[in-house]
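Let's take a walk through a protein with a strand of RNA alongside. Have a look at the picture first, then use the notes below to find your way around.

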Amino acid sequence: MSASNENESNNFLETIIEEDLAAGRHDGRVLTRFPPEPNGYLHIGHATSICLNFGLGLKYDGKTNLRFDDTNPSTEETEYVESILSDVEWLGFKPANVFYASDYFPELYGFARDLIKKGCAYVDDSSAEEIATMKGTPTQVGVNSPFRDRSIEENLELFEKMKNGDFKEGTHVLRAKIDMASPNMIMRDPLLYRIKFAHHHRTGDTWCIYPMYDMAHGQSDSIEKITHSICTLEFVPHRELYDWMIDKLEIYPSKQYEFARRNLSYTVVSKRKLLRLVQEGHVKGWDDPRMPTISAMRRRGYTALAIREWAKRVGIAKRENLVDLGLLEFCVREDLNRLSVRVMAVLQPLKVTLTNFQEDKTEWLETENNPEDPEAGVRSLPFTKTLWIEQDDFMETPPPKYFRLSPGGLARLKSAYIIQCDEVVKDDSGQVVELKCTYFENSKSGEDTSGLKPKSTIHWVSAERAVQAEIRLYDRLFTVENPGTDDRDLLELINPESLTVISNAQVEPALAETNPGDQYQFMRLGYFATDPDSTPDHLVFNRTVTLKDTWKKVAGRN
RNA sequence: UGACCCAUAGUGUAACGGUAGCACUCCGGUUUUUGGUACCGUCAGUCAAGGUUCGAAUCCUUGUGGGUCAACCA
């Protein structure tokens, strides 16, 4: 039964579930659900909820439903349903069932009638403003609606007229009859049904009244016999109403538990704010790799395993939090280090001419695809008289501890030969444009008899054989850790360097065969994924995440 | 001038009332044809004050700090 092992501690939800199981509650079942509203794309916050709900289902030999909370036809669209379905699948989870709250509309309507019959609900003719005013404030009790004491018969008749479309939008609502003086604002006669002449993405024009969250969510849980209904902290005040409904309706006693949603540093996880970034064109779309949406992270090259591992490491609790983006990046590197093929790419090319290498000659050198995985095999690299190396890998006047190439110095070209820099060529402005070097023929990788000990190994590509590529370098979307939590407008906080495009990078010829979604480690630079925009004539790579760069840190201190 | 939720290293998260642990970060080191990876090590924490107890991160009280609640949204 309990899959918990002693090495891993339980979170508070696992503790609750294990107690329930031990006490034989819910017939020993565990049935959770992930209930997105199809009005936007899933983001990293949803990912934690998905991992939590499906993870609990898996851990306790239970099941997890995917249920679309589609009770508001004016904001919900099929496009979102489809993206959510594919995101959940991509993350690696299989719902036991895919349900829609809209499928329960007839049953929910029946529940509403039941409440009326029990004297627990009434039709209110007040306007939205009047209802808001009568609600009172957190520190001031509300007042009863003048329509609160209608007879059951009259309420039934009015509610049916609402359903039949006899009233205009906004003229009538169905409310629960609870307590206008409750310290919990949610319990002050909450709205249950409203009139909306809107086309629903699934039920079309069948209905013109739609249930509110509190009349739909918990009841849907009960219909499905959900055992543990897990939601975020903002729903804590709703739990009292959730339980009230179960009590009055005498339906399956699902239980609601709340956890604190995960906040990620340097980004926002609010549908409203993300929507704004998309609509105002600050990013190129929901799947712009700078976005914290699942589709964007996928495009950028984050793996599902990395995201799941991240969710596991972060854990779950009830306190406010701001998770360091660095942990997500750590998980991404960890997974990509394991699986990605190493290739060489030069982002800022500097020409190197090997003065003692034969003109027009190409020597093919062997290199391993992944040192972490011998099974990944080897491939060949063309080595020629002129090469590109990274501008950062040469310094005319190197600071102490700079190991790379400098005038008169040595460096190993990865999987090739040791070279020595003999001459620095500059243009009129003093810019270094070329290095004239000699290579040591007896220093070939794997059969080096030169006895030379260069202090570093650098990456390179053949200038004659390299392929040009566009590289998109991504950085954090915002300049501050917790954007959107003070008065400053979000737009002021957008990182102007969140995207840097390099159009003339030189990559090794093996990359000409790449396909969208392929992932690589560009040696010494980072992990990169081939973008969907990439074509054989115009290669495009997204930088998923950089490699850890100890030198950059050391150099930055000086 | 209300009700509810929360408070453990920089960050995140553990600890039947019984040695405050783990991960990331930071810092230092070993290995390395990636200044990557791997491995080793250091620094660092119970919001405060009372109370209960042989013993309190844990239970109680008060305070402090943070969050949530007044959409015909979910």
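Here is a short briefing, topic by topic.

Keep in mind from the start that this is a predicted model. A good place to begin is RNA strand B, which has 64 residues around it. After that come the aromatic rings, which make 21 pairs, then the cysteines, and finally a handful of single residues worth finding on screen.

**Around the RNA**

- Of the 64 residues that surround RNA strand B, the closest are Val314, Arg319, Arg342, Arg404 and Ser445.
- Which parts of the strand do the meeting? Sugar and phosphate make up 61% of the RNA strand B atoms that come within 4 Å of the protein.
- Sort the residues of this surface by type and you get 23 nonpolar, 19 polar and 22 charged.
- Four elements each give at least two residues to the surface near RNA strand B: β6 (191-195), α11 (304-314), α12 (325-339) and α13 (550-557).
- Helix α13 provides the largest share of that surface, with 4 residues.

**Three contacts to look up**

- For a phosphate contact, go to Arg524: a side-chain N or O atom there is 2.6 Å from a phosphate oxygen of RNA strand B.
- For a base contact, try Phe403, where a backbone N or O atom lies 2.8 Å from a base oxygen of RNA strand B.
- Lys414 brings a polar side-chain atom to 3.1 Å from a sugar or linking oxygen of RNA strand B.

**Aromatic rings**

- There are 21 aromatic pairs to hunt for.
- Why is the pair of Phe54 and Phe93 called stacked? Their planes are at 25°, with the ring centres 5.2 Å apart, so the pair counts as stacked.
- This pair links distant parts of the chain, since Phe54 is in helix α2 (residues 44-59) and Phe93 is in the loop between α3 (78-91) and β3 (97-100), 39 residues apart.
- Both Phe54 and Phe93 are buried.
- Tyr417 and Tyr439 make an edge-to-face pair, with 80° between the planes and 4.9 Å from centre to centre.
- Here too distant parts of the chain are linked: Tyr417 is in the loop between β16 (410-413) and β17 (418-426), while Tyr439 is in strand β18 (residues 432-439), 22 residues apart.
- Are Tyr417 and Tyr439 buried or exposed? Both are buried.
- One aromatic cluster is built from Phe105, Tyr109, Phe159, Tyr193, Trp207 and Tyr210.

**Charges over rings**

- Arg298 has its charged end over the ring of Trp90, 5.3 Å from the ring's centre.
- Tyr266 has company as well: Arg476 lies over its face, 3.8 Å from the ring centre.
- Tyr266 itself is in the loop between β9 (255-259) and α9 (271-279), and with a relative accessible area of 17% it is buried.
- Tyr266 also has a positive phi of about 65°, although it is not a glycine.

**Cysteines**

- How many disulfides does the whole structure have? The search comes up with 0.
- Cys437 shows why a pair can miss out: its closest cysteine sulfur, in Cys421, is 4.7 Å away, too far for a bond.
- Cys437 is buried, at 0% relative accessible area.
- Cys208 is buried too, at 7% relative accessibility.

**Single residues worth a click**

- Gln219 lies in helix α7 (residues 213-224), and its relative accessible area of 1% makes it buried.
- The side chain of Gln219 reaches the backbone nitrogen of Ala216, at 3.2 Å.
- Lys225 is in the loop between α7 and β8 and is partly exposed, at 43% relative accessibility.
- The phi of Lys225 is near 60°, a positive value in a residue other than glycine.
- His238 is in the loop between β8 (228-232) and α8 (239-249), and at 15% relative accessibility it counts as buried.
- The side chains of His238 and Asp214 are joined by a polar contact of 2.7 Å.
- Glu390 is in strand β15 (residues 386-390) and is buried, with 5% relative accessibility.
- Glu390 and Ile458 are 68 residues apart along the chain, and their C-alpha atoms are separated by 8.3 Å.

Methods. Residues numbered from 1 in each chain as written. Chains lettered and ligands numbered in written order. Predicted model: local features only at pLDDT ≥ 70, side-chain atom pairs only at ≥ 80, totals over all residues. Heavy atoms only, no water. Near = heavy atom within 4 Å. Polar contact = N/O pair within 3.5 Å; in protein donor to acceptor, adjacent residues only side chain to side chain. Nonpolar A, V, L, I, M, F, W, Y, C, P; charged D, E, K, R; others polar. Phe/Tyr/Trp six-rings, centres within 6.5 Å; stacked < 30°, edge-to-face > 60°. Buried < 20%, exposed > 50% of the residue type's maximum accessible area, 1.4 Å probe, protein only. Lys NZ or Arg CZ within 6 Å of the ring centre and 35° of its normal. Disulfide = S-S within 2.5 Å.
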